Amino acid sequence: MKRWVLPVTSFAMFLLLWEIWGRGGDPIISSCPSAVWSAFIHDLASGQLMRAIAQSLPALLAGYALAVMLGVPIGIFLGRSSRAEEMFGFYFVGLDASPLIAFVPLFVLWFGLGVEVRLMMVLVFCITPIVINTWRGVRAVPVTLIDVGKAFGASAAQITSKIVFPSVLPAVLTGLRLGIGRAVIATAISEIFTAMTGLGGLLLRRSESYDMAGSLVPALVLMSMGIVLTSLLAAIERSLFAWSCNRNTL
């Protein structure tokens, strides 16, 4: 049996049951796939959906890119220095375990209601898995490899760039994959609670008008963005490090 048969069959059954349940329910609190599809086509034709996506993507991509540029060097620094790990590592562990949505009011006070608050929320939401995975990856590099570099007279910078960084790339890509999902969540939360624009703002406006089918369109688009971006990074990870993915499948 082909690998796609079971998931496709499961998804088709889910849509069928949802259609049956949705058509018989209250339209204020329920909907069905055919109504969601009609709302999607209407939003697409009117340009409303594309405008919302265009408003959401810049903050998402900029915040994620900033998290990558900061998170990977910080993770390497924490992994290479025991003192830095002891002094700063617990900040990222604590931040990763915190309910970051509770900090939204503070972000609004600090950064206002513009694009800055959305960018910073994406950065804070997705930097911790990048830092922690890179940090743990560096700590897992075999000591013998580093000792060989030292034996050949390599400097600390050369050991980091020539030995540690290539060895830690699978862990870095895992962190990037986990981070992009959080970036999408942060984008939706920030737009709902602060900016009232983009896909999150569209979702909020639709829910306030009890438009269940219209509310599900931006919600499903956000979910699709997360799936596509995560799958893209997972495909890159598999193509580059198939041996590692087979051994450490999450």
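This passage walks through the fold, the core, a pocket, the aromatic contacts and a few individual residues of a predicted model.

Start with the overall picture. The chain is helical throughout its secondary structure, with eleven helices and zero strands. Read from one end of the sequence to the other, the pattern is simply α-α-α-α-α-α-α-α-α-α-α. Along the principal axes, the C-alpha atoms fill a box of roughly 75 × 55 × 30 Å. As for burial, 40% of the 250 residues count as buried.

Next comes the core. In soluble globular proteins, nonpolar side chains tend to be buried together. Here the largest nonpolar core has 55 residues, and those touching the most other members are Tyr64, Met121, Leu176, Ala183, Leu199 and Val221. Plenty of helices chip in: at least two core residues come from each of α2, α3 (48–80), α4 (82–97), α5, α6 (115–139), α8 (156–195), α9 (198–208) and α10. Helix α8 supplies the largest share of this core, at 14 residues. Ile159 also lies in α8, and this residue is buried, with a relative accessible area of just 3%, where under 20% is what it takes to be called buried. Its C-alpha atom is separated by 9.5 Å from that of Val148, eleven residues away along the chain.

Then there is empty space to look at. Rolling a probe the size of a water molecule over the atoms shows where such space is left. The second largest pocket holds about 430 Å³. Its lining is made up of 14 residues, and Phe11, Val36, Leu220, Met223 and Ser224 are the ones nearest the centre. Two or more lining residues come from each of α1 (5–23), α2 (33–46) and α10 (212–240), and α10 gives the most, with six. What is the lining of this pocket like by class? The tally is 13 nonpolar residues, one polar and no charged ones.

Aromatic side chains deserve a paragraph of their own. A pair of aromatic rings is described by the distance of the centres and the angle of the planes. The model has seven aromatic pairs. One of these is Phe107 with Trp110, a tilted pair at 6.1 Å centre to centre with 55° between the planes. The label is tilted because 55° falls between the 30 and 60 degree limits for stacked and edge-to-face. Both residues sit in helix α5 (residues 104–111), and because they are three residues apart there, about one helical turn separates them. Are the two partners buried or exposed? Phe107 is buried, at 9% relative accessible area, whereas Trp110 is exposed, at 58%. Elsewhere, Phe11, Phe14 and Trp18 form one aromatic cluster, and Phe11 turns up again among the residues nearest the centre of the second largest pocket. There is also a charge over a ring: Arg136 lies over the face of Trp135, 4.3 Å from the ring centre.

A few single residues round things off, beginning with two arginines. Arg118 is found in helix α6 and is buried, with a relative accessible area of 10%. In sequence Arg118 and Ser56 are 62 residues apart, but in space their C-alpha atoms are 9.0 Å apart. Arg23, for its part, is placed in helix α1 and is exposed, with a relative accessible area of 62%. The C-alpha atoms of Arg23 and Ser34 are separated by 9.3 Å, with these positions eleven residues apart along the chain counted as their separation.

Two loop residues finish the set. Cys32 is found in the loop between α1 and α2, and even there the residue is buried, at 8% relative accessible area. Cys32 and Ser82 are 50 residues apart along the chain, and 55 Å separates their C-alpha atoms. Tyr210, in the loop between α9 and α10, has a positive phi of about 60° although it is not a glycine. Is Tyr210 buried or exposed? Tyr210 counts as exposed, because its relative accessibility of 58% is over the 50% limit.

Key
Residues are numbered from 1 along each chain as its sequence is written. This is a predicted model: local features need pLDDT of at least 70, side-chain atom pairs count only at pLDDT 80 or more; totals for chains, interfaces and linings use all residues. Side-chain values use heavy atoms; hydrogens and water are left out. On a 1 Å grid over the protein atoms alone, a cavity is a set of points where a 1.4 Å probe fits but cannot get out, and a pocket is an open set with protein on both sides within 12 Å along at least five of seven lines; lining residues have an atom within 4 Å of a point. Grid points are joined across faces, edges and corners, and a volume is the space filled by probe spheres set on the points. Helices (H or I, at least four residues) and strands (E, at least two) are DSSP runs, numbered from the N terminus. Ala, Val, Leu, Ile, Met, Phe, Trp, Tyr, Cys and Pro count as nonpolar, Asp, Glu, Lys and Arg as charged, and the others, Gly among them, as polar. Rings of Phe, Tyr and Trp (its six-membered ring) pair if their centres lie within 6.5 Å; planes under 30 degrees apart count as stacked, over 60 as edge-to-face and the rest as tilted. Buried means under 20% relative accessible area, exposed over 50%, partly exposed in between (1.4 Å probe, protein chains only). A charge sits over a ring if NZ of Lys or CZ of Arg is within 6 Å of the ring centre and within 35 degrees of the ring normal. A nonpolar core is a set of buried Ala, Val, Leu, Ile, Met, Phe, Trp, Tyr and Cys residues joined through side-chain atoms within 4.5 Å.
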